[in-house]
Structure formats: C-alpha cells, structure tokens
Amino acid sequence: MSTPVSYFLVVSAMLFAIGTVGVLVRRNALVIFMSVELQLNAVNLALVAFSRLHGNLNGQVLAFFSMVVAAAEVVVGLAIIVTVYRRRQSASVDDLTVLRG
Amino acid sequence: MGDLLWLVPALPLAGATVMLFGGGRLGRAAGWIATALVAAAFALAVAILLDLLSMPAEARVLVDDVYEWMAAGAFSVDVAFRADPLSITMTLVVTGVGALIHLYAIGYMEHDPRVGRFFAYMNLFVFFMLVLVLADNYLLLYLGWEGVGLCSYLLIGFWFDRPSAASAAKKAFVTTRIGDAAMLLGIALIFITFGSLDFGEVLAPLGAADGATPSSGTFTVISLLLLAGAVGKSAQLPLHVWLPDAMEGPTPVSALIHAATMVTAGVYLVIRSHVLFELSGTALTVVLVVGLLGAIYAALASIGQFDIKRALAYSTMSQIGFMFFAVGMRFYEGAMLLLVCHAFYKALLFLTAGNVLHGLDDETDMRRMGGLRADMPISAVWFGIGALSLAGIPPLAGFFAKDEIVGFAATSGREIAWLLATVGAFMSALYISRPLFLAFFGRRRTERTAHEAPWLMQAPLALLALLTVGGGIVLGLQAEGGRLATFLEPVVGAAEHGEAFLSDAGLIAISVVLAVAAVAIAYWIWASGRVDWQAFPSRQPELAGWLSNAFYVNTLYAWLVQHPGKGFAHVLTSVDDRVIDGAVNEVAEDVGKASRIAPRIQRGFVRTYALGFLLGAVALLLFLGWRG
C-alpha cells in the first residue's frame, strides 16, 4: 500500500513546530512572515493527509481555501512590512512597540 | 348691572395682558393706560353700587355666573362673581385707592427702565384682588388669593438685582404659603362638610337656621384653617415676619399691596366666613386674641424702627390686628370701617413716605432726616393728616374707626380687652407720631436738601388726604348708626351693643385724651430737642434691641426652622455626596485602577503576543485532550 498517514502527520507537525519556533525567536518581520507561511503549509499538509485517510474531498477543499486566504494575506502583510521598513529603516518587530499599553 | 360684574376684574386683566406683551413699547403711556383701566373699573363699581342701593336692603345681592369652571362628579365650581354690600365695599376700596396709587406711581416710577412691567404687575394685582373680593365661591376666592400672593412676590422683588429685595420676595411668598396651605385644607373641609363651595349654599342656610347638623368641632377646624390663611396673608402673629421685609418693594407697592388692600384680604375672608366662625365660638376667641396681641406687639416693634417704611409696615400690622380684634368681637362693621379708613390714611402715609424717599434719593433711615418740613411743606401736611388720623384725633377717619372698635370692647362687656385695646390705641398714636416728628420736625440731621414731589404725585395725595379727613364723618358718624354699618348690615348682621361701665361720651373722652397725650409725648421725645433719643440704644441696649428687632421673632424662627432645616439639608447633602455619589465614584475609580493595571501586559512586542497565542493553543489542546 501507500505511505501511512502518520508519516505525513509527523512531517506536518515538524514543519509547524519549526514555523512556531521561527515566529517566536526571530526578530525580522520578513522571516516571521515566512515562518507563519510554514505553519500554514504544515496545516495544509495535515488537511490533505486527513482527506486521504477519510476518503473524501473536504480536507482538500479546505486546503485550497486556506491557500487562497494565505495568498491574500501575503499581499497585505508584505505591503505592510515594506511600508514599515520604508518608514523606519528597520524590519525588526521589537522596534514596533507603539501600541504598548 | 349685574351682568357687567365680570367686566370689573376684566379691565385690569386686559391692561396686564397688554402691558406684559407690549409694555416695553408703550413707555410712559403704560402708566396712564393702567391708571385709566383701574379708574374705569372703579367707575363701574360705583355704577354697581348705585344699582345695589336702588334695591331693597335685604335683596342687595347681584350674582354674575360667567361660566362653569370645572365639574367632576358632585363637585362643580363656576366662575361666578358676587356683588353684595361687603364685596362692593372692598371693590371700591381696591379700585379707588388702587387708581390713586397707580396715578402716583406714574410719577414715582418715571425713571425706572422697566416701568411697563411694573404697571403690568400692578394691574395684574388689581385683577387678582378683585377676583378675591368678588368671587362667589371659595375656590375662585382662593385663585385670587394665590394670585395676589404671586403679584406681591413679583412686586416686592421688582428690583430683583438687589439681593435683599429678592430674598424678601421669597420670604413673603414662602411665609404666606404656610397659611395658604392650611386655607386650602379648610376649603377642602368645607366641600366635604357642605358638598359645595358657593357662598350662597355654604353660608346662607347656616345664617338662617341655627340648628346646624355638622358638629361645632368641624366648624372650629374649618374656621381655624381659614384663619391660618388669613393670618398669613394679613401678616398677623405668628406669620407676620414677611411684612416688614416686604418694604423692599417700590413704595407704591407697599402702599397698595402691603398696606391698603392685599393685607386686608384676611380680614375680608374672616368677615365673609363669619357664619362659620360664629358657629364655633372658639375660633372667634382665637381671632380676638391673635388680633389684640398682634396690635400691641406690632405697635411696640414699630416704635423701635428707624427705617420709615418698616415703621409704617409694623403700624399696618398693628392696625390689621385691630381689625381682627373687632372681628373677634363680632363687630364686623367696625372692622370694615377701620379697613376702609385704614386704606385711605395708610396709603396716604406710605405715598408721602414715598415722596420723602423720592426727595432724599431713597434715604429711608429717619436718623438721617429731620426738619424736612422746611423743604417739603406739602408732604409734611399730608403725613401729618395721615398720622393724626391713625392716632385717632377727631374728626379724622381713624378716630371714628378705632374709637368705635375700642368702645365696642367696653359696650360688649370685655373690660380686659378694652383696657388692652386702649393701651394699643395709645401706643398707635405714639408710634405713628414718631415718624412724623422724626422726619419732618426737629433738628435737621442731613446735609442734603430734599425736593418736593411734582404735582403728578401730589394730586392723588390730595385726594387721599381729603378721604382721610372726610371719610370717617361720611361713613362712620354714629348719628344713624353709621352709614357703612347700615349698608353692611344685610351681610354681616347688626352688632349687639350693650351697656358699658362708662357712658359713650366718657369712652370717647378717654380715647381722645390718650391720643392727644401720645402725640404730645411723641413731640416732646422726638421733636422738641429736649430728649436725647439718639442715645437711647446705647443707654438701654437690651430694650432697644428687643424693640428694633421686633422681639427677635426672626431669630427665633431662624433657630426653630432655618437652622434645623439647614442642618437636615447638610445631612442630606452629605448622604448624597458620600453614599449615592460615593458609590458611583468608587465604582468609577476601581475601573480606572483596573485599567491602569491591564495595559501592563500590553508590552507591544509582537513575539510576546505570539507566545501567548501558542501557550493558549497548547492549553486548549491539553484541556480538550484531558476531557477525552
């Protein structure tokens, strides 16, 4: 038979963990953004894997949705990061503390 | 003429309406219009009087039922006016003396920028006063009663930019309101007892049949409640404190409202309701005692005053005390005679005091007057006539009125009352001669030269002086029982004269001798220069203090009412501040404190938030896993 589902899930979990650690430890907004993408894709992988396991297409459809949303989010997010960089000559998230209470 | 009765109050009402809305544009014409309307009302009243006189004595009642005012079940009140000898006498005094005072006020208020408003209030006052005296039921009377109270308030506080005037107006309104509240209860009780408020239904059957069904206790309660209203409005003990302060108003107001007309409304009310008072003997005794005490108390207080208007105010109170005294003895025609004569000479006295104020730039302190006779000879004559009339010097009006009342006390067998009344009359002569001598005679105590009032102000005074001189002879001469007494007899019944311990001539001699003696003593003390009256307050500070502060009644009321009231208000405000506002403020403060703690976790570091998300998600997963 084909590859067991658990393999996919392990890869997905590892990707998600890497993405999470990336989000938490990196300072550069661009890298954090990429890490978020990694998390999203890890989830997409899990969705497709489950879709296969259950033999219906719901998971795959949801994965497409999430890709579309991610694409849109990338457009907005990158635009914000570029603008912030232009303004402050820095992309470090630790400098962006204007909304501190 | 009966169907034209409504026009009598309607004329001044029209004037008040026109002047309230267009007074500013009318300028000086306002005064003339107001005077003309009151004079027209007077002319109409005279026509009605002639109409009444042409009827047989027992049938002299005209009722003008204008329209149904309100109806609710068994309760129904009409706007109806009643002209009978009693009310037409009052109407003639109100409109006649009122017109003269209006005329005087044209000159007196000439320089006031708000003269239109002044005459609007004056006309409104005359309207309400006419409603009061012409009303054919207690509720309409009460409407007029409250209306004159309102006008009194407006006119005392006419110069409201002076704090003393504003607070005096408030004091008058609140003090009389105490009596008015009692009176309203009395009126309600009348309706409960009789099922009607019309004079015709309430008073007439009682007057005819003496076998009354309601208990005399009910009548006592009704009478005492009505008396409370009368005492408030007529400034008698113990609700008199507002009248001296009311002198803050313009002098024509003091003359019209606080001397000649409104303050006598209480006397009118008691006489109008005399049937009820008679059914309760107690109430009449109370009236007698209140009147006599008030007369003597106010006479003493008047002697202590140096403000000419306040001295006159206490004298008004004293005179009204005499009226109540007469009513308490069931000597209604005597009370009415004094009421009418008093209106003449007290208006004269007040308006002459107005001349003095006018001539001395509003100086009211008699210690800074003296010798004004030289500057204002005509005013001195007017004041002299008024003062001697009040003092009871024959043949002036006051002599007839007061002498009859004091004499009646003797002929009706009330020796102690007669003695007290004689003392009161003696003091009246003393206290009224005092301003005469202090202001117009003696050494001059001011550098200012007074100027005599213009003819426009002297003309009404001349007429009032004429009435003061002749009014007593025309109305009160005992020859055929007194014209006014005979005229009033169908309404109030004939007084029962008895045998006195002295002959009439003896009684008259006593009162005349005492009056002359009082005037002479007053001259010796305050005008001859042989008595150092100015040193009296420093030599007898206690007695002078008691007199000039009118026995500290104001202070007593301050202790009894004002201070506890203020204390209670302080308690209430502190409850409001600490408990009610406190709770709200405490909640707001706590929310504020919390909102200063909450932002501390908002450090602004994106990664901190991300860690929060992660931990939250892990916690959520663990929770779901643990729940199975």
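## Chain B: overall build

Chain B contains 25 helices and 2 strands, in a model that is predicted. Taken along the principal axes, the box filled by the C-alpha atoms of chain B is roughly 125 × 65 × 55 Å. Of the 628 residues in this chain, 51% are buried. Where contacts of chain B link residues at least 6 apart in sequence, 81% of them join residues at least 24 apart.

## The nonpolar core

The largest nonpolar core comprises 215 residues, and the residues with the most contacts inside it are B:Phe125, B:Ala326, B:Ala335, B:Ala347 and B:Leu348. Helix H15 of chain B, residues 332–359, supplies the largest share of this core, namely 18 residues.

The surroundings of one of these residues can be described in detail. When residues up to four places away in sequence are left out of account, B:Leu348 touches B:Trp382, B:Ile385 and B:Gly386, and also B:Leu461, B:Leu464, B:Ala465 and B:Thr468.

## Helix H24 of chain B

Helix H24 of chain B covers residues 553–597, and at 1.5 Å a residue its 45 residues should span 66 Å; the C-alpha atoms at its ends are 61 Å apart, which agrees with that expectation. The helix nevertheless has a bend of about 50 degrees, placed at B:Gly582.

Is H24(B) buried or in the open? The number of buried residues among its 45 is 0, so the helix lies largely in the open. A residue counts as buried here if 20 or more other C-beta atoms lie within 10 Å of its own, and no residue of H24(B) is buried.

## Loops of chain B with unusual backbone geometry

The loop between helix H8 (216–233) and helix H9 (242–245) of chain B holds B:Pro238, and the peptide bond that leads from B:Leu237 to B:Pro238 is cis, with omega near 0 degrees. B:Ala235 is found in the loop between H8 and H9 as well. Although B:Ala235 is a residue other than glycine, its phi is positive, near 55 degrees. B:Ala235 has 29 other C-beta atoms within 10 Å and is therefore buried, since 20 or more such atoms are required for that class.

A cis peptide bond also joins B:Pro394 and B:Pro395, here with omega of about 5 degrees. B:Pro395 sits in the loop between helix H16 (377–391) and helix H17 (397–411) of chain B.

## Chain A: three helices

The secondary structure of chain A consists of 3 helices and 0 strands, and from the N terminus on its elements follow the order α-α-α. Chain A has a radius of gyration of 17 Å, whereas the globule rule gives 13 Å for 101 residues; the value is well over the rule, so the chain is more spread out than a compact globule. Along its principal axes, the C-alpha trace of chain A spans about 55 × 25 × 25 Å.

Buried residues account for 16% of the 101 residues in chain A. Among those contacts of chain A that link residues at least 6 apart in sequence, 46% join residues at least 24 apart.

## Local features of chain A

Within chain A, A:Ala17 belongs to helix H1, which covers residues 5–25. With 13 C-beta neighbours inside 10 Å, A:Ala17 counts as partly exposed, because the exposed class ends at 12 or fewer and the buried class begins at 20. A:Ala17 is separated from A:Val36 by 19 residues in sequence, and the C-alpha atoms of the two are 11 Å apart in space.

Helix H3 of chain A, residues 58–88, has 31 residues that should span 45 Å at 1.5 Å a residue, and the 44 Å between its end C-alpha atoms agrees with this. Just after H3(A) comes A:Gln89, which takes a positive phi of about 55 degrees although A:Gln89 is not a glycine. A:Gln89 lies in the segment after H3 and is exposed, with 8 other C-beta atoms within 10 Å.

## Where the two chains meet

How many residues of chain A are in contact with chain B? There are 11 residues of chain A in contact with 12 residues of chain B. On the side of chain A that touches chain B, the residues divide into 6 nonpolar, 3 polar and 2 charged.

Notes. Residues numbered from 1 in each chain as written. Chains lettered and ligands numbered in written order. Predicted model: local features only at pLDDT ≥ 70, side-chain atom pairs only at ≥ 80, totals over all residues. Contact = placed C-beta atoms within 7 Å. Nonpolar A, V, L, I, M, F, W, Y, C, P; charged D, E, K, R; others polar. Core = buried A, V, L, I, M, F, W, Y, C linked by C-beta atoms within 7 Å. Helix = DSSP H or I, 4+ residues; strand = E, 2+ residues; numbered from the N terminus. Expected span 1.5 Å × (residues − 1). Bend = angle between axes of the 7 residues up to and from the residue. Rg over C-alpha atoms; globule rule 2.2 N^0.38 Å.
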